[in-house]
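Here are a few exercises to help you find your way around a new structure. Keep the viewer open and try each task before reading its solution.

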Amino acid sequence: MLHSERPPEELAHYTGFLLGFLGEKSRTRFIATLQPHGLHPRVFGMMNVLATRPGITQQELASLANVDPSSMVALLDEMESQGLAERRVDPVDRRRRSVHLTESGQRKLEAMRVDARIALDEFLAPLSGKERETLQRLLRKLAGLDPA
């Protein structure tokens with residue numbers, strides 16, 4: 001059911017089902033979009049956080065990127081081995097490590113962002129510009145990012 005283009009009409013009046021159906025469809029498309037870059041959406045998310053918060057600590061990154069701290073080391077090792085990020089000694093507290101995107105990581109992120117925008121435009125093609133704005137506003141509200 002979730003791998004078809006359209007959900008069954010019998011389930012279309014269940015908002016939760018539609019959210020799940022579209023979420024899975026969007027997730028599958030996004031994974032396929034990032035595949036040529038050799039990265040998982042989790043790494044894309046971490047790179048976006050790093051781009052806006054250079055020097056964030058590993059612990060802060062794990063929290064913001066919603067990655068289990070025990071998985072963070074392996075993810076950062078992977079990103080470092082690919083030349084996307086680097087850990088540096090925190091200048092304030094030498095026991096901590098701050099994380100930064102490398103120049104190569106920044107270029108890779110920009111390329112992935114372009115591909116992600118194209119994929120999203122294709123996914124949202126049935127909606128007008130105003131409908132897209134409304135959808136974004138409502139999703140942010142449901143996610144608790146904007147006031148009710």
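Two residues are in contact when they have heavy atoms within 4.5 Å of each other. Keep in mind that this is a predicted model.

**Exercise 1. Getting your bearings**

Work out how many helices and strands the protein chain has, and in what pattern they follow one another.

Solution. Start by counting: there are six helices and three strands. Next, walk along the sequence, and you get the pattern α-α-β-α-α-β-β-α-α. For the overall dimensions, the C-alpha atoms fill a box of roughly 60 × 35 × 30 Å along the principal axes. Finally, buried residues make up 26% of the 148 residues in the chain.

**Exercise 2. One glutamine and its contacts**

Find the helix that holds Gln58, decide whether Gln58 is buried or exposed, and list what Gln58 touches.

Solution. First, locate Gln58: it belongs to helix α3. Second, check its accessibility. Buried means under 20% relative accessible area, and Gln58 has 14%, so it counts as buried. Third, look for contacts, skipping residues up to four places away in sequence: Gln58 touches Met72, Val73, Leu76, Arg87, Arg97 and Val99. Two of these names, Met72 and Leu76, come back in the next exercise as buried residues of α4.

**Exercise 3. The two sides of α4**

Check the length of α4, then work out which of its residues are buried and how they are arranged around the helix axis.

Solution. Begin with the length. At 1.5 Å a residue, the 13 residues of α4 should span 18 Å, and the end C-alpha atoms are 19 Å apart, which agrees. Now pick out the buried residues: Met72, Leu75, Leu76 and Met79. Looking down the axis, the buried residues fall within an arc of 100°, so they line one face of the helix. There's a handy rule behind this: an α-helix has 3.6 residues a turn, so residues three or four places apart point the same way. Turn to the other side of α4 and you'll find Ser70 and Ser81 exposed. What covers the buried residues? The cover includes α2, α3, β2 and β3. One last detail: just after α4, Gly83 takes a positive phi of about 75°.

**Exercise 4. The nonpolar core**

Identify which residues have the most contacts inside the largest nonpolar core, and which element supplies the largest share of this core.

Solution. The largest nonpolar core has 23 residues, and those with the most contacts inside it are Met46, Met47, Leu50, Leu61 and Met79. Next, see where the core comes from: α2, α3, α4, β3 and α5 each supply at least two residues. The largest share, six residues, comes from α2. Now zoom in on Met79: leaving out residues up to four places away in sequence, Met79 touches Val43, Met46, Met47, Leu50, Leu84 and Ala85.

**Exercise 5. The largest pocket**

Say how much space lies in the largest pocket and which element gives the most to its lining.

Solution. The pocket holds about 810 Å³ of space. Of the 22 residues that line it, the closest to its centre are Leu120, Phe123, Leu124, Leu135 and Leu139. Sorting the lining by element, α1, α5 and α6 give two or more residues. α6 gives the most, with nine residues. To finish, check the length of α6: at 1.5 Å a residue, its 14 residues should span 20 Å, and its end C-alpha atoms are 20 Å apart, which agrees. Just after α6, Gly144 takes a positive phi of about 80°.

Definitions and conventions:
Residues are numbered from 1 along each chain as its sequence is written. This is a predicted model: local features need pLDDT of at least 70, side-chain atom pairs count only at pLDDT 80 or more; totals for chains, interfaces and linings use all residues. Side-chain values use heavy atoms; hydrogens and water are left out. A nonpolar core is a set of buried Ala, Val, Leu, Ile, Met, Phe, Trp, Tyr and Cys residues joined through side-chain atoms within 4.5 Å. Buried means under 20% relative accessible area, exposed over 50%, partly exposed in between (1.4 Å probe, protein chains only). Helices (H or I, at least four residues) and strands (E, at least two) are DSSP runs, numbered from the N terminus. The expected span of a helix is 1.5 Å times one less than its number of residues. The arc is that of the directions from the helix axis to the C-beta atoms. On a 1 Å grid over the protein atoms alone, a cavity is a set of points where a 1.4 Å probe fits but cannot get out, and a pocket is an open set with protein on both sides within 12 Å along at least five of seven lines; lining residues have an atom within 4 Å of a point. Grid points are joined across faces, edges and corners, and a volume is the space filled by probe spheres set on the points.
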